[in-house]
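Thank you all for making time this morning. Please have a look at the sequence and the structure on the screen, and then I will walk you through a few parts of the fold.

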Amino acid sequence: MRYIIVCLLGALATGCGNKYSSFSDDVVDRKSHWTIPKARQGQLTEQEMDMARIAWKYFENNYQESTGLVNAVNNYPSVTWWDAASYMAGMVSAYELGIIEKEEFNRRLIRILTTLNTLDLFMNELPNKAYNTQTAAKVDYGNQPGEIGYSALDLGRLLIWLHIIKHRYPEYATSIDSAVLRWNFCNVVDENGTMFGALLEKDKPVQYLQEGRLGYEEYAAKGFELWGFDTTQAAMAEPYSTINLYGYDVPYDTRDPRKLKAHSYVVTESYVLDGIELGWDLADDRSAHDYNYSNDWIAEFALQIYRVQEERYKQTGIITARTEHQLAGPPYFVYDTIYTDGFAWNTISEVGEYLPQYSAVAIKGAMGMWVLWDTEYTDLLFDHVAHLYDREKGFYEGIFENGTGLINTFTSNNNGITLEILLYKQQGKLLTYKDNVAPSLWEKALESPFGYEGQCLPRRGAFNSKLK
């Protein structure tokens, strides 16, 4: 059932007159007469609940009581804030699905919030890119002591989950706000709404570099927007273009990796996270779960990302669910893309090395498409990956496309996202708001920023406009 966006591509990223603002089984592209698939919703089956319990096993095994942090990779005591946010997602999901009791949820959440409130920051600005999970000390990517900078993308995801938690459980709002109020935002978001990461290399001054490409950039920007920051530039699709793959116009970021030293990856993960956590809505959209996507161009881009992978399977027989994933050995991590660096279905390392042997069906990619688009193809994806677990360790990272077996490693990101995907099926959009909640510590700090001078908190007027 091929679907083609009929809006002019030049207007796609600014909206299409809400032509597709209500995606459901009853909504049909009038030009093509093809139905836009709906998300899966309802109580989890016995099998799905079993999968959730297995995914939670990872967090039982890798929890560090001393800090409240969880290892990003099985038995390796290091974590980034993207992975820590995935743990928070998994923890909320485990509680909401009845896998853990409120007592355990409280204990775990209090411990990690205590760490966030006492953490040594990078240059007294923002959380370092990586920390030792046993000591909460700043480390490099080799888990050696030291500070290396911060990631705007990772912090954007962390801000999304801190925001979700403080609104689901207002009793924790003060602890969460206190942690974020320790941060200095002066170098992470500029006056144009562009996001910057920090890079510290040996014997060099700190470099503040624009961070984020299409998909990831807009998702992380929403994290800052939820806290009142203006991320206008980062939230825009431009600069982008499309490439036609199997009849679908796939969007990609056109910034040149040769000049900017940053690759532009077209993968599934950021679009899935935007859908399940934020409902493909704008950051100031406080509506509950529905099929009216106020960030309509993101919803349409996400649909193209799904459809092209489905079509690849139909035309080649290769089951496809592409996103970044961990490996059990060197180089330990790859971007398994739909398109990057001028090539389709390109699997590369972080330094750009071509590694087609590591192309895989990623669990989080397959499960994300399964829950967001209810189709025969995603039924197949579910059947392909639902059994790829070790009951004592959690879900494997994925299974290689070339038939050489499982990716024999277990991660916080994969298992946390798997849990939140299952919670989405049962509850819908994960960001929810309660009525009649008193202004939080964060809001009060923006009203009267005495004591927070020099931290570049958002202006109160801008914050108010975000909440309308």
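Before we look at any sheet, I should say that two strands count as paired if DSSP finds at least two bridges between them. Helices (H or I, at least four residues) and strands (E, at least two) are themselves DSSP runs, numbered from the N terminus.

What we are looking at is a predicted model, in which local features need pLDDT of at least 70 and side-chain atom pairs count only at pLDDT 80 or more, while totals for chains, interfaces and linings use all residues. Residues are numbered from 1 along each chain as its sequence is written, and side-chain values use heavy atoms, with hydrogens and water left out.

With that in hand, let me begin with an open sheet of three strands, whose order is β4-β5-β6 and whose pairing is antiparallel. At its edges stand β4 (149-150) and β6 (207-210), each of which pairs on one side only. Between β4 and strand β5 (residues 196-199) there are two bridges, again in the antiparallel sense, and tyrosine 150 is the residue that stands opposite alanine 198 in β5.

A second open sheet of three strands, also with antiparallel pairing, has the order β9-β10-β13. Here β9 (325-326) and β13 (347-348) are at the edges with a single partner strand each, so one side of each has no neighbour in the sheet. β9 pairs with strand β10 (residues 333-336) over two antiparallel bridges, and in β10 it is phenylalanine 333 that serves as the bridge partner of glutamine 326. These two strands, β9 and β10, make a hairpin with six residues between them, and tyrosine 332 in the turn has a positive phi of about 75°. On the other side of the pairing scheme, β10 and β13 are joined by two antiparallel bridges, where tyrosine 335 has isoleucine 348 of β13 as its bridge partner.

There is another hairpin to compare with that, formed by β7 and β8, which has two residues between its strands and, in the turn, tyrosine 246 with a positive phi of about 50°. Strand β7 (residues 240-245) and strand β8 (residues 248-253) run antiparallel and are joined by six bridges, and isoleucine 243 faces valine 250 in β8 as its opposite number.

Let me now turn to the helices. Which residues of helix α6 (residues 173-180) are buried? They are Ala173, Ile176, Asp177, Ala179 and Val180, where buried means under 20% relative accessible area, exposed means over 50%, and partly exposed lies in between, using a 1.4 Å probe and protein chains only. Seen down the axis of α6, these buried residues fall within an arc of 160° (taken from the directions from the helix axis to the C-beta atoms), so they line one face of the helix. The elements that cover them include α4 (102-118), α5 (152-168) and α14 (441-447).

In α4 we find leucine 113, which is buried, with a relative accessible area of 3%. If we leave out residues up to four places away in sequence, leucine 113 touches Leu162, Tyr172, Ser175 and Ile176, a contact being heavy atoms within 4.5 Å. Leucine 113 and leucine 162 lie 49 residues apart in sequence, and their C-alpha atoms are 9.7 Å apart in space.

My last helix is α9 (residues 269-278), which is mostly covered, with 10 of its 10 residues buried. Those buried residues pack against α3 (81-96), α5, α7 (216-226), α10 (296-316), α11 (363-372) and α13. The axes of α9 and helix α13 (residues 412-427) come within 10 Å and cross at roughly 40°. Among the residues of α9 that take part in the meeting of these helices are Leu273 and Ile276, and among those of α13 are Ile417 and Tyr424. Just after α9, glycine 279 takes a positive phi of about 65°.

To finish with the chain as a whole, its secondary structure comes to 15 helices and 18 strands, and of its 468 residues, 59% count as buried. Among the contacts in the chain with a separation of 6 or more, 69% are between residues 24 or more positions apart.

Terms used: Axes are lines fitted to C-alpha atoms, for helices over the stretch in contact, and angles run from 0 to 180 degrees between N-to-C directions.
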